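The following exercises are to be worked with the sequence and the three-dimensional structure at hand. Each task is followed by a solution in steps.

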Amino acid sequence: MVARPIIIDCDPGQDDAVALLLAFASPELDVVAVTTVAGNVPLELTARNARCVCELAGRPDVAVYAGCPRPILRRLETAERVHGATGLDGADLPEPTMPLASGHAVEFLIERLMASDGDVTLAAMGPLTNLALAVVEEPRIVPRIREIVLMGGGMGPGNVTAAAEFNIHTDPHAAAVVFSAGAPLTMIGLDVTLRAIATPERVKVISALRRPAAAVVAAMLETHLARAAKRPGGRGTALHDPCVIAYLLRPELFEARPMHVAVETASPLTLGQTVVDRAGVSGEPPNANVVVDIDADGFFRLLTERLGRL
Ligand code: BDR
Ligand code: CA
């Protein structure tokens, strides 16, 4: 088996951390590097948290590059109310000892893609600022991207505004650049990831693995569950970003359709909305493989089995 090379662009963030662990636990994937962006928490913390997770997974050899500290046009609006002050609420990890890789994430993305023969996949789990700037600075990377698989947007209600999902709303202009770049792109939106719910029962199964990384995942999810329990109908917490890695490992757990997706960048009311042409009325050719469903039980079986390996 030849492992598939991937670069993970993320803003850890609790669910980003779980996604990183799932990737590190999976021999089908070769994590070439991790690039971080400002999103759930400021850049300094996402770059720190990514290194904490690499060390937790026993992978201090993986290069972690820090990227953009803010969205292209908008002011950064972080999500500590969801992920806690550090971004990894509940995890209680030691300060990382591995250094940050020298150089900017955008320059790394360009250099690595230009040196590749088109085999590198980009797994994107945060605002798309790094990817967009790489495309703008060096458009010749586009035909060298094997695929972009991203968590963001969706076809239903948003989670930061009525219309928009966090990753796309944080940097809608970057998202517009990435969706229109022309690279093969799979979008896993909020309407799908909200079905990947870590219920108390599923978290108990992860906790019962009695493995170091699984214990950290269970602790983070328990902090979420405690918060969710205070809300009416709150039964669990969604594992958004691990869906990206699960899609790369087991695409058969997902159902997807090619459709055209545009990103709203002008309207104050619907800024950051992904406008998915489900009915095919825009006259625009599909620019995305849009995931429309997930086998949530299969997803959790995969995640649990893999966390048991770390
Ligand atoms: C996305 O927003 C972030 O808070 C999560 O890490 C995920 O990438 C979900 O809307
Ligand atoms: Ca994220």
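At 0% relative accessibility, cysteine 243 counts as buried, where buried means under 20% relative accessible area, exposed over 50%, and partly exposed in between (1.4 Å probe, protein chains only). This is a predicted model, in which local features need pLDDT of at least 70 and side-chain atom pairs count only at pLDDT 80 or more, while totals for chains, interfaces and linings use all residues. Residues are numbered from 1 along each chain as its sequence is written, chains are lettered from A and ligands numbered from 1 in the order in which they are written, and side-chain values use heavy atoms, with hydrogens and water left out.

**Exercise 1. Cysteines**

Determine how many disulfides the structure holds, and examine cysteine 52 and cysteine 243.

Step 1. A disulfide is a pair of cysteine sulfur atoms within 2.5 Å. The structure holds zero disulfides.

Step 2. The cysteine sulfur closest to that of cysteine 52 belongs to cysteine 54; because 9.3 Å separates the two, they are too far apart for a bond. For cysteine 243, which is in no disulfide, the nearest cysteine sulfur is that of cysteine 10, 15 Å away.

Step 3. Cysteine 52 is buried, with 3% relative accessibility.

**Exercise 2. Nonpolar cores**

Identify the residues that touch the most other members of the largest nonpolar core, and list the contacts of valine 34.

Step 1. A nonpolar core is a set of buried Ala, Val, Leu, Ile, Met, Phe, Trp, Tyr and Cys residues joined through side-chain atoms within 4.5 Å. In the largest one, which has 63 residues, Ile8, Val34 and Ile245 touch the most other members.

Step 2. Contact means heavy atoms within 4.5 Å. With its neighbours within four places in sequence left aside, valine 34 is in contact with Ile8, Cys10, Leu20, Phe24, Ala50, Val62, Ala63, Val64 and Tyr65.

Step 3. Another core, of 41 residues, lies apart from the largest one; Ala124, Ile141, Ile148 and Val263 are among its residues.

**Exercise 3. Strand 6**

Establish whether the faces of strand 6 are covered or uncovered, and find the bridge partners of threonine 186.

Step 1. Helices (H or I, at least four residues) and strands (E, at least two) are DSSP runs, numbered from the N terminus. In a regular strand the side chains alternate between the two faces of the sheet.

Step 2. In strand 6 (residues 185-188), Leu185 and Met187 are buried on one side, and Thr186 and Ile188 are buried on the other, so both faces are covered.

Step 3. Two strands pair if DSSP finds at least two bridges between them. Strand 5 (residues 145-151) runs parallel to strand 6 and is joined to it by four bridges; valine 149 stands opposite threonine 186.

Step 4. Strand 12 (residues 288-294) also runs parallel to strand 6, with two bridges between them. There, asparagine 289 is the bridge partner of threonine 186.

**Exercise 4. Salt bridges**

Locate the partner of glutamate 95 and state where each residue lies.

Step 1. A salt bridge is a side-chain nitrogen of Lys or Arg within 4 Å of a carboxyl oxygen of Asp or Glu. The structure holds 13 of them.

Step 2. Glutamate 95 pairs with arginine 48, the closest N and O atoms being 2.9 Å apart. Glutamate 95 lies in the loop between helix 3 (80-83) and helix 4 (105-114), and arginine 48 in helix 2 (residues 43-56), so that the pair, 47 residues apart, links distant parts of the chain.

Step 3. Glutamate 95 is exposed at 53% relative accessible area, whereas arginine 48 is buried at 15%.

Step 4. A network of salt bridges links Glu28, Arg250, Glu305, Arg306 and Arg309.
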